[in-house]
Number of protein chains: 2
Amino acid sequence: MAGGDDLKLLGAWPSPFVIRVKLALNFKGLSFENVEQDLSNKSELLLSSNPVHKKVPVLLHNGKPICESLVIVQYIDEAFAGTGPSLLPSDSHERAIARFWAAYIDDKLVPSWVQSFRGKTEEDRSEGKKHLFAAVEILEGALRECSKGEGYFGGESVGLVDVSLGGMISWLNASEVMSGTKIFDPVKTPLLAAWMERFRELDGAKAALPDVDRVVEFAKKRAAAAAAASEN
Amino acid sequence: MAGGDDLKLLGAWPSPFVIRVKLALNFKGLSFENVEQDLSNKSELLLSSNPVHKKVPVLLHNGKPICESLVIVQYIDEAFAGTGPSLLPSDSHERAIARFWAAYIDDKLVPSWVQSFRGKTEEDRSEGKKHLFAAVEILEGALRECSKGEGYFGGESVGLVDVSLGGMISWLNASEVMSGTKIFDPVKTPLLAAWMERFRELDGAKAALPDVDRVVEFAKKRAAAAAAASEN
């Protein structure tokens, strides 16, 4: 990291999108200050740094804000191109493939996963599960092509897609604990299941991924609060 | 363009996402073959080139497919870095800003615009309009910051954000014709209104943007077909 670079992350520990940014910073070997935000009482710094979405994560690089997790991850890779491993491939076609799958995770996997356990009706949640498992199966195929079945979406080392999916691991595991159903099933999606085990053991991941128990507790509290609010 | 480069665009003329890619190719000065697709009877080439989404646009570069319009535009800029003007800035922070606004157009402007005139109920459409005008106002502010009120989102020349928004111009104009309401209003959003006039006059845009009358006719036919289908 270049001398004098100041990196502050405005985050909230449970956010899969914040975890993505932590993963990217860790894998690049960049030190940063985590500035935990209270999302029920947003700080002036958060509101002025991301006036459009008013959301975490925001990365402040020498005071300049960058918003939106995928934009931030690409920024980190480009602004610190000389530091640590590259998160995006050097070949432009491979870079397009990585961006395609990162967008797929945001456009298909994340919404179906949210619907699967926060849908309003049983039917809605069941529809979400169907879409979720279809998306997981498609990602299994992507991993097979990207990694030849070993390693990562980024090939031999982690990249944009690994970071994007990696941000969700603790939450996917928490969903598994709460529902009793494997999402990355070792039988149905063996490559993803093995990828997850491998990914979790990386030092950069260990430092970024919250404990599954803590996420379970957080999810239960939030569900209870939502239920109480809907009764009032 | 490097000798021997073969560019085929699998597209459908009304798609704002296809228009984006045409704009990017035109502004880069790249010649390409447009292979119009029948979306009611998708070709083997489309299905095998984009097996995940089965959608246009797909760019085939020497036979290799690239999917998803924003991914394609960035690919074009990177793969043909030595050809024509750059669509993304060289500075990594400015590049992040451009990606942020391109994502904003896809995540906020496009869905609210769709909802505003294809929402199921009057209430739904009215809600869509509210979100649409809020998004347009935010883009007016973005244009003020990016261009200092003159030129383009990309500054003195067009870039990723101009291309992303530019792909929607014919449709926005068609919506204006059909609803009688200005979307880029010269009084409320003077910078966007002037941007649109300037953009439309560019040679690369003239060659890519479909006639508004043709889009109006297409939209009316589609609405009639949808209404007939819902009666059966």
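Two strands count as paired if DSSP finds at least two bridges between them. The exercises below apply this to a predicted model.

**Exercise 1. The hairpin of chain B**

Determine how strands β3 and β4 of chain B are joined, and describe the turn between them.

Solution.
- Step 1. Strand β3 (residues 58-61) and strand β4 (residues 64-67) of chain B are joined by 4 bridges. The threshold for pairing is at least two bridges, so the two strands count as paired.
- Step 2. The two strands run antiparallel. One of the bridges can be located by residue: H61(B) has K64(B) as its partner in β4(B).
- Step 3. With 2 residues between them, β3(B) and β4(B) form a hairpin. In the turn, N62(B) has a positive phi of about 50°.
- Step 4. Most residues other than glycine have a negative phi.

**Exercise 2. The sheet of chain B**

Give the strand order of the sheet in chain B, find its edges, and place helix α1 relative to the sheet.

Solution.
- Step 1. The sheet is open and has 4 strands, in the order β2-β1-β3-β4, with mixed pairing.
- Step 2. The edges are β2 (33-36) and β4 of chain B; each has a single partner strand, so one side of each lacks a neighbour in the sheet.
- Step 3. On average, neighbouring strands are turned by 25° against each other, direction ignored.
- Step 4. Strand β1 (residues 7-11) of chain B is joined to β3(B) by 4 bridges, and the two run antiparallel. Within this pair, L10(B) stands opposite V58(B).
- Step 5. Helix α1 (residues 16-28) of chain B packs on the sheet and touches β1, β2 and β3 of chain B. The direction of α1 makes about 155° with that of β1(B).
- Step 6. V35(B) lies in strand β2 of chain B. Apart from neighbours within four places in sequence, V35(B) is in contact with K8(B), L9(B), L10(B) and G11(B).

**Exercise 3. The sheet of chain A**

Describe the sheet of chain A and the helix that lies across β3 and β4.

Solution.
- Step 1. In chain A, 4 strands form an open sheet in the order β2-β1-β3-β4, and the pairing is mixed.
- Step 2. β2 (33-36) and β4 (64-67) of chain A are the edge strands; each has a single partner, so one side of each is without a neighbour in the sheet. The twist from one strand to the next averages 25°.
- Step 3. Strands β1 (residues 7-11) and β3 (residues 58-61) of chain A pair in the antiparallel sense over 4 bridges. L9(A) stands opposite L59(A) in β3(A).
- Step 4. Helix α3 (residues 69-79) of chain A lies across β3 and β4 of chain A, at about 125° to β4(A).
- Step 5. E68(A) is in the loop between β4 and α3 of chain A. Phi of E68(A) is near 80°, a positive value in a residue other than glycine.

**Exercise 4. Cis peptide bonds**

Locate the cis peptide bond that precedes P57(A) and the one that precedes P57(B).

Solution.
- Step 1. In chain A, the bond joining V56(A) and P57(A) is cis, with omega about -5°. P57(A) is in the loop between α2 (44-49) and β3 of chain A.
- Step 2. In chain B, the bond from V56(B) to P57(B) is cis, with omega near 0°. P57(B) is in the loop between α2 (44-49) and β3 of chain B.
- Step 3. Most peptide bonds are trans.

**Exercise 5. A helix pair in chain B**

Classify the packing of α5(B) against α8(B).

Solution.
- Step 1. Helix α5 (residues 122-147) and helix α8 (residues 190-200) of chain B pack at an angle of about 75°, with their axes 8 Å apart.
- Step 2. Angles of 65 to 115 degrees count as roughly perpendicular, so α5(B) is roughly perpendicular to α8(B).
- Step 3. α5(B) contributes V136(B), L139(B), E140(B), L143(B) and R144(B), and α8(B) contributes P190(B), L191(B), L192(B) and W195(B).
- Step 4. These contact residues divide into 7 nonpolar, no polar and 2 charged.

**Exercise 6. The two chains**

Establish how chains A and B are related and describe their contact.

Solution.
- Step 1. A turn of 180° with a shift of 0.0 Å along the axis lays chain B on chain A with an RMSD of 0.0 Å. The copies are therefore related as by a two-fold rotation axis.
- Step 2. The same surface serves both copies, since 100% of the contact residues of chain B recur in chain A.
- Step 3. The contact takes 24 residues from chain B and 24 residues from chain A. About 2100 Å² is buried between the chains, and carbon and sulfur atoms give 66% of this area.
- Step 4. In chain B, the most area is lost to chain A by H93(B), R99(B) and F100(B), together 27% of what that side buries.

Technical notes:
Residues numbered from 1 in each chain as written. Chains lettered and ligands numbered in written order. Predicted model: local features only at pLDDT ≥ 70, side-chain atom pairs only at ≥ 80, totals over all residues. Heavy atoms only, no water. Least-squares fit on C-alpha atoms with pLDDT ≥ 70 in both. Contact = heavy atoms within 4.5 Å. Axes fitted to C-alpha atoms, helices over the stretch in contact; angles between N-to-C directions. Parallel < 35°, antiparallel > 145°, perpendicular 65-115°, else oblique. Nonpolar A, V, L, I, M, F, W, Y, C, P; charged D, E, K, R; others polar. Buried area = accessible area lost by both parts, 1.4 Å probe.
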